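Visitor: I would like to take a close look at a single part of this model, and to see how that part fits into what surrounds it. Could you take me through it slowly?

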Amino acid sequence: MAEAVNDLDCRDISKNFAAFKAVRDVTFSVPPGTFFSILGPSGCGKTTLLRMIAGFLEPTSGDLLIKGRSMLDVPPNKRPVSMVFQHLALFPMMNVGANIGFGLRRRGVAKAEIAKRVEAVLERVGLPGAGPRGVDELSGGQKQRVAIARCMVLEPDVLLLDEPLGALDLKLREHMKIELKQLQWEFNTTFVYITHDQSEALVMSDQIAVMNHGVFEQVGTARDLYYNPETAFVAGFVGESNRFAGKVEEAGGGTLKVRTPSGLPLMGTAAAGSLAVGDAVDVFVRPEAVRLSPTSEGVAGQPNVSSGLVDSVLFNGANSRVLIRDAATGGEIDVALPQTGEFHSLKRDDPIHIGWDTAQTLCFAAAGEGS
Amino acid sequence: MLKTKLMSGLAGLAAGALLLAPAAEADTLRLLTWGGYAPENLIEKFEAETGHTVEVTLSNNEEMIAKLRATDGGGFDLAQPSQDRIAGAQAEFGIYKPIDLSKLDAALFIPSMLEATKANTTYDGKVYGVPHVWGTSGLVVNTAEASGVKDYVDLCSDDVAGKVSYRLKRPTLIGFAFSMGLDPFAAYGDEDAYKEILSKVEEKLISCKPNVKTYWTGGDEITNLLRSGEVVAAMAWDTGGWKLNAENSDITFVAPTSGALGWIDTFALPKRGRADEAAYAWINFVMKPENAALVTESAGNFTASKGGDADVNAELKARYQKSFPQEAIDNIKWYPPVPAGLEAFEGSVLDRVNAAN
Amino acid sequence: MNASGKRLTLILLMAPLLIWLVALIVIPHMEILYVSLREKVGVREYEFGFANYMVFFNEPLYWNTFMRTAVMSILATALTLLIGFPVSYYIAKLTRGRSKTILFLLCLIPFWVSELVRTYGWMILLRESGLVSGFLQYIGLASEPIEFLYNDAAIMVGLVYTSMLFMVVPLVTTLDSLDDSMIEAAYDLGGGGVSVWREIVIPHAMPGIVSGCIIVFMLSLGNYLTPILLGGKDSLWFTGLIYSQFITRFNWELGAAFGMLLLVLSSTIVWAGLKLSGQTLTRTVGR
């Protein structure tokens, strides 16, 4: 057997709009059957990248291969990729069946065969018999499924999805995340999904690329990104974090001592690369890594300890948070509220003690740029 | 769409007339006339002399009748239709009021013209018009290129193919009839005879159509066509020919051998006019020889004012005399009054000519 | 607010429109209808009858003129659509911001001068001693002056030119509302240029096409100046007939009948056009 060919390979791909470099030397590979997400804030270049894969934009440099074949000279209507658009772009002048059959008609498939395949794909997305319905009669989630069916009926090698959940309301969006993942699993097709919503990416993806300023900051599984961010941007962008700025005071044995400008000492770990005394650093601590205690004894033994008053309790069921005003520095620290019952009566101005571990205190060299 | 426009236009006219009614002042003279008949300098002089003010609306025979019909003879205080178009329109639509001849100074008019006009504009024993300006239609010819055109039918000769123009209006029918040796005026009273004449003329005009460059509709249009040389012979008014003659001596008005068609534009009082005194004052004013000369200067045509040609410039007189030797003047065919309803037959003939290929 | 108060507000809000409709559209049309049904039997004598309408059907000239006018108007509409569609597509889809505004303004500029002036402009260009003829002689393509004026082609040029804006505006509006991703989706799914136009762009633009066509057709049918001035001796146009019945023949009765017939027949043609294109008036006008 030959070595497994990736469904999608991007090699040093770049796109410039005049002087603006939207995408800079991005390289990545997507093996078959992967749910691959590109996560980034708006303007990071993810849409440009997706449109290059779809063929609507031509890369300034670099190569793009699908199933090992270069796509540079292949127009969008000949590429073995399909795209689900942000607003789905279902054709309102056609019914559901005609929408799904559009691509098959273009390929000259016989009428009876089209009808058969359309019905088959409708069944797979859970909308059997919806062919004669008008696009306007569908609910948001049904439209989503029709848009995917319209692409999947063509059996593309790669399905591109451009933030298709963005227009849905929260509840439906939560539901569709799961459904999309199931559909991907069922069709066993490679999905390339772009989004600015980390929870979409974290829930659905096998692999996530975090993109910023036209480059990939880190590619990995959801877990990797969450627990082992390689850059300050990833640490800040994926998940919630308390963020401190500071200077390295002591370095050695994998542990750093950092002092913030307000004088708070922090014991942390260098997450990427080595840091030396005097380096400016950004320090990230996840809210759920911080331990709460009504007494100082409760957090004794933690490398980082502090105390303060409860500023506010943000109740949100299992995701409840406490904002604590640090007594020493006056800074605010965001802590996850444990659901063990211990802190159910916590209220504003209650005194509280907090502490956290060195390994949960990630230090990155401070970004030279202003962003 | 057009209906709406037309009708709203007519409704607008009516509404306008209603609105104006209470506010109107007796000393504003609303004059419905032809271009050149009420030049600015004449109006200024009249206003200074009498204190009346004059509002001028320019029009032509058909529009005058249509306008007055739409308002049932209102909206204007003095109109200037041709003498042959008064009795018929009065019989049909009753849009004029009789003229009180005692308020006019008869001595200002050329007697023969006054009498003829009175006779022609009499309906039911009352006089409805007195003469103002007269002139002729005939041929305007570029003699360098179309010296062979002496009569209306010559417009259909091969020598001038594609370089000829005339109007699709009743004077063309009448002119062609005369030049074909027929006498349409004599047949005015005999419907069948007139129709027979018309059918001969229709045949002639249809066969002549390939010769025609275009049917002209406005004086400026035919002047332009002749000036640019795109048309070398046309049936047109005498003044147009004389005007062009001043620019290009090759072009001039030619009285056709069968006779130029003579018209007299009159003064007539719309039925619901409200400034009769001002209207009579205007008539008596413009018929004075020195004022009539101003009209001739501006319109290019001579007036029915006795001695009104004395002050007219010599050049115009010379052109007139060249176009009209005595026998040509004697040969002018003056339009008799058009019997009511005659235009309907003529209209369908003109429509068929227009539609012919 | 109580129900009667609401109704009063509605009536007051509608009053200007209603007065406008009744005073300037309904009443004149009733008047026209009334006049058209008066049969002239003698001087100042009329009686009720359909004779004026019979004239239209019995005299082939009038019937033919109407047909000629209708066919030429349909042709002018088709030509305007053919020229206007790519222009509108370009303005709506391929330009952005300032250049879009400028192009739109360019379409509007001819309408800053009166129709008469615009038509005279064409006469200056097309006449035998005009610019086009002169240019052709100058570059040696013609040895003597050529007359472009006074034929059906000249009428057509004038009608298309006069109507262009009224086609471009509704088309640009509907094409503007066509999401670009719709076109991209069609390409992405394997569509080529032709199929994308046939299945996506044109169906989407259909309401604009239909309303543009209705406006242009009615404008052409009701045009009076352009056929008369540019058509010369071939200027035969139905509105010209109505004009001459009203103004030069003093035959208001026949003119009114022609007017009513124009209204009925043009409505029929528009209705047939809607049927053929599978559109409804509410859909096209409602958008």
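Visitor: In which kind of crossing, right-handed or left-handed, does H8(C) pass H9(C)?

Guide: Please keep in mind that this is a predicted model, and that what follows is a reading of that prediction. H8(C) passes H9(C) in a right-handed crossing. Two packed helices are described by the angle between their axes and by the distance between those axes. For helix H8, residues 180-188 of chain C, packed with H9(C), the angle is about 145°, and the axes lie 10 Å apart.

We can now go to the residues that meet there. From H8(C) come C:Met182, C:Ile183, C:Ala186 and C:Tyr187, while H9(C) brings C:Val196, C:Ile200 and C:Val201. Sorted by class, the residues of this contact between H8(C) and H9(C) are seven nonpolar, with no polar and no charged residue among them.

H9(C) also has a place in a wider setting, the largest nonpolar core, which has 138 residues. The residues with the most contacts inside that core are A:Ile53, A:Leu160, A:Val192 and A:Val210, yet the element that gives the most to the core is H9(C), with 12 residues. If we pause at A:Val210 and leave aside its neighbours within four places in sequence, its contacts include A:Leu39, A:Gly40, A:Phe216 and A:Leu225, as well as A:Phe237 and A:Val238. A second, separate core has 117 residues, including B:Tyr128, B:Leu198, B:Tyr215 and B:Val231.

H9(C), which spans residues 193-222, has one further part to play, at the contact between chains C and B. This contact takes 34 residues from chain C and 32 residues from chain B. On the side of chain C, helices H1 (3-36), H3 (60-94), H9 (193-222), H11 (238-248) and H12 (252-277) each supply at least two residues, and the largest share, seven residues, comes from H11(C). By class, that side of chain C has 18 nonpolar, 10 polar and six charged residues.

Across the contact lies chain B, with 14 helices and 15 strands. Its radius of gyration is 20 Å, close to the 21 Å that the globule rule gives for 357 residues, so chain B is as compact as a globular protein of that length. The C-alpha trace of chain B spans about 60 × 45 × 40 Å along its principal axes, and buried residues make up 50% of the 357 residues in the chain.

Conventions: Residues are numbered from 1 along each chain as its sequence is written. Chains are lettered from A and ligands numbered from 1 in the order in which they are written. This is a predicted model: local features need pLDDT of at least 70, side-chain atom pairs count only at pLDDT 80 or more; totals for chains, interfaces and linings use all residues. Two residues are in contact if their C-beta atoms, placed from the backbone, lie within 7 Å. Helices (H or I, at least four residues) and strands (E, at least two) are DSSP runs, numbered from the N terminus. Ala, Val, Leu, Ile, Met, Phe, Trp, Tyr, Cys and Pro count as nonpolar, Asp, Glu, Lys and Arg as charged, and the others, Gly among them, as polar. The radius of gyration is taken over C-alpha atoms; the globule rule is 2.2 Å times the number of residues to the power 0.38. A residue is buried if 20 or more other C-beta atoms lie within 10 Å of its own, exposed if 12 or fewer, and partly exposed in between; C-beta atoms are placed from the backbone. Axes are lines fitted to C-alpha atoms, for helices over the stretch in contact, and angles run from 0 to 180 degrees between N-to-C directions. A crossing is left-handed if the near helix is turned anticlockwise from the far one by less than a right angle, and right-handed if clockwise. A nonpolar core is a set of buried Ala, Val, Leu, Ile, Met, Phe, Trp, Tyr and Cys residues joined through C-beta atoms within 7 Å.
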